[in-house]
Amino acid sequence: MAQGSRDQGSAGTADLEEDSPNMIVYRKIEDIIMRIQDENSGGVPIRTVKSFLSKVPSVVSGSEIVQWLMRNLSIEDTAEAIHLGSLIAAHGYIFPISDHVLTLRDDGTLYRFQAPYFWPSNCWEPENTDYAIYLCKRTMQNKARLELADYEAENLARLQRAFARKWEFIFMQAEAQAKIDRKKDKVERKILDSQERAFWDVHRPVPGCVNTTEMDIRKCRREKNPQRVKKSVYGVTDDSQTQSPIHAPSQPARKPTKEDVQREISFLNTQLDRHCMKMSKVADSLMSYTEQFMEYDPFVSSPEPSNPWVGDDTTFWDLEASKDPSQHRVKKWGFSLEEALKDPAGRDQFLKFLESEFSSENLRFWLAVQDLKRRPLQEVATRAQEIWQEFLAEGAPSSINLDSHSYERTSQNLKDPGRYSFEDAQEHIFKLMKSDSYSRFLRSNAYQDLLLARKKQPETEQGRRTSLEKFTRSVGKSLTSKRLTGLMQSS
Amino acid sequence: MGEMEQLRKEAESLKDEITAARKAVNDASLQDTVSGTAVVGRVQLKTRKTLRGHLAKIYAMHWSTDSKLCVSASQDGKLIVWDSHTTNKVNAIPLKSSWVMTCAYAPSGNMVACGGLDNMCSIYNLKAKDGNVKVMRELAAHTGYLSCCRFLSDSEIITSSGDCTCVLWDIETGTQKTVFAGHLGDCMSLAVSPDFKTFISGACDSTAKLWDIREGQCRQTFGGHESDINAIAFFPNGNAVITGSDDATCKLYDLRADQELITYQDSSIMCGVTSIAPSLSGRLILAGYDDFNCNIWDSLKSERVGVLAGHDNRVSCIGVTADGMACCTGSWDSFLKIWN
């Protein structure tokens, strides 16, 4: 998909909520919450449960939620359903009625659904004034179930100190809220109180619980209007907003100019000109790559001798560092020239081979250019000249074979030497090595010896062959030929 | 029709042509091609080490090329270099700004870099003669937070920023060599190709871009995600790219086919992807999520084959060693865990 022309500045009335990175998550959860509460179409049975001396309205058990999730979201593993349910609870969409811990338990624990007013998608960022009003209100109500927990009492004490000057205002607001609450129906109040408490459990979590409202600071900064007045849970307008230290006024996105669109057009034209490979070829290449390397992937195949992380045996690392490579490692050199050169032992072997063919200057040139690209800037010019003298100048001691076009380009580049002056030449030489010397290297005795771990002891090999013959003869005497063949085939 | 209108129409029709060209090469999906292959068996990785020492959220980690040392950055204002095998802290570097968001280890092992809300990339020399780790360079020019940085060598480093650009710096002189502009949203993450000739960036405009380091141009753009791309990595063969996004999915894009090959998603995964890394062969993709877990995907069959559960808060970063032996996860719970 080419660059979208999504105009970030199209907003005046842009959906502020859509800017929140969690909005996608909230919409997905809300989708589930709607379905799970819909009793007409396979939702969970929300009912009143008789407990001890009272009735508990509008609840459902944890295991019923787990079952529903497994059935309706095709989840096979209970643990996964609990994990998902706990995520939903952590964001405050469901909550246990008897404690503050927002996780889902697969048992008879009773849960209630949160009121849409309190949903996180409404972008609540409740100020401490709201929290103070809430805690204060709780102390005014003479109900055992509304008693403050220790951490809440501590929070209240701290807020009283912080808001000492406007405590009267907060107290008045709390009284007003308490009055409104008292007017409500008893059952309705029970439900609302628990929902309000669950809301605060999300925004002012119990110490030790994860705060799901914490935002990645990289995302915080992008808020469109960080200076906006944050809405209060209790409808309180507060003038003294704290300025966030990390919010910067967002730049109004500038309108695309003619030059912008022209640049886009030339970019799109280059894209169009690009040769796209067929999907089937690409898929095949991916498959064969992974297949080839899977035996070297410690997450898929057990490494030999043993994974140094399991059992603290570091032999594997010692072997990798040694210049005496295992057959397994040598086999990898055969995958591609890039792989062979990645391994220092492979590089050495290939260099030795090239020396025997009197063409080592190619690899030495390639290595010199790789090194040049990593040099500090002030050394680049001198080094580039040295490389030119060694490999390309007339009468160079390690003269490499370049086509005239690359030669011309390179000598031009050397007028203003930089890190990439030899890029064309390097690519040319690499292709040359790949198509020519590399395949001969793989067929060479030196490589084959390492690959097959051949030791130059022909006598013992013959000795082994004779003893094998003796063995088969003696076995042949006691087995039928069919069984013997079977044995031979399976060995 | 004004000139602007005409230009816009031209751009639109080119986009349609490109979509058609991509459709034309779409002769077989990855699913079809791999239908004969079996899913990789259930992958069960265990926590082998837990690295304790940070006092606040860990935002980033990066392995050294020796597969044993790694560096991590935390909002407690420290950069810690760990010998992950012994769990010893090799260096604990105090930072000037505690709002750090990224860290990187140089391939040579001689330097580490970090940056964040200070809009700068600070380079630290680990091998100073007197043994003290000091700031070597402070690369300042970005007008937004530093979201990611990766060394090309001891002389050059690439950074991505919240100012929507990526920059190639010369470390010695502390100057900007190339500015890669084009993204329409904060750049969140970058990854360098195995051959060091190109790099990819993922941004909050939901696109990933492939850049040519030498030419300074954007070569390709990949869309399809519905929200910010938080994490990006190269497939080990260097021909494909994997991304992780706030839309709860990961995608695999192929550079040669110039389009998306496959999406890794599940109806029970609701939260954003924060970090991503392929296993050595590329057959497995490990992705860290906001729901405190890491999921392991079979990259070809697009099925979940494992879960790393053990963190008590969001997984913010993940990395697989160069030798493929282990993976490290860092979390907002202030711990790093090594798994295999």
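Q: Let's fix terms before we look: a polar contact is a pair of N or O atoms within 3.5 Å; within protein, one has to be able to donate a hydrogen and the other to accept it, and residues adjacent in sequence count only if both atoms are side-chain atoms. So which backbone oxygen lies 3.0 Å from a polar atom of the A:Thr212 side chain?

A: That's the backbone oxygen of A:Ala90. Bear in mind this is a predicted model, where local features need pLDDT of at least 70, side-chain atom pairs count only at pLDDT 80 or more, and totals for chains, interfaces and linings use all residues, while side-chain values use heavy atoms, with hydrogens and water left out. Residues are numbered from 1 along each chain as its sequence is written, with chains lettered from A and ligands numbered from 1 in the order in which they are written.

Q: Is A:Thr212 buried or exposed?

A: Buried, because its relative accessible area is 13% (buried means under 20%, exposed over 50%, partly exposed in between, with a 1.4 Å probe and protein chains only).

Q: Where does A:Thr212 sit, and what is it in contact with?

A: A:Thr212 is in the loop between helix 7 (186–203) and helix 8 (217–220) of chain A. Helices (H or I, at least four residues) and strands (E, at least two) are DSSP runs, numbered from the N terminus. Leaving aside neighbours within four places in sequence, A:Thr212 is in contact with A:Ala90, A:His91 and A:Val202, contact meaning heavy atoms within 4.5 Å.

Q: Zooming out, how many helices and strands does chain A have?

A: Chain A has 21 helices and four strands. Of its 491 residues, 41% are buried. Among contacts in chain A with a separation of 6 or more, 61% are between residues 24 or more positions apart.

Q: How is chain A divided into domains?

A: Into domain 1 (22–121), domain 2 (128–183) and domain 3 (300–452), with bounds from an automatic or database domain assignment. The C-alpha centres of domain 2 and domain 3 of chain A lie 73 Å apart.

Q: What about helix 4 of chain A, mostly covered or mostly open?

A: Mostly covered, with 10 of its 13 residues buried. Helix 4 covers residues 128–140 and reaches 18 Å from its first C-alpha to its last, close to the 18 Å expected (1.5 Å times one less than the number of residues). Its buried residues pack against helix 5 (150–162), helix 6 (167–182) and helix 7 of chain A.

Q: Any aromatic cluster worth a look? Which residues form it?

A: A:Tyr117, A:Phe118, A:Trp124, A:Tyr131, A:Tyr134, A:Phe199 and A:Trp200 form one cluster. A:Tyr131 and A:Tyr134 are also among the buried residues of helix 4.

Q: And how many aromatic pairs are there over all chains?

A: A search of the whole structure finds 29. Rings of Phe, Tyr and Trp (its six-membered ring) pair if their centres lie within 6.5 Å; planes under 30 degrees apart count as stacked, over 60 as edge-to-face and the rest as tilted. A:Tyr296 and A:Phe335 have ring centres 5.7 Å apart and planes at 85°, so they are edge-to-face. That pair links distant parts of the chain, 39 residues apart.

Q: Why does A:Tyr296 count as buried?

A: Because its relative accessibility is 10%. A:Phe350 and A:Tyr438 are another edge-to-face pair, at 6.4 Å centre to centre and 85° between the planes. They join helix 14 (344–356) to helix 18 (423–443) of chain A, 88 residues apart. A:Phe350 is buried at 0% relative accessible area, and A:Tyr438 is buried at 8%.

Q: Which residues of chain A does the UniProt "domain: RGS" annotation cover?

A: Residues 336–451, according to an unreviewed entry; positions are in the numbering used here, feature names are shortened, and annotations may be inferred rather than shown by experiment. The span is 74% helix and 0% strand, with its end C-alpha atoms 15 Å apart.

Q: Switching to chain B: what do the buried residues of helix 1 pack against?

A: Helix 9 (258–273) and helix 10 (279–294) of chain A, together with strand 17 (218–222) and strand 21 (259–264) of chain B. Those buried residues include B:Leu7, B:Leu14 and B:Ile18.
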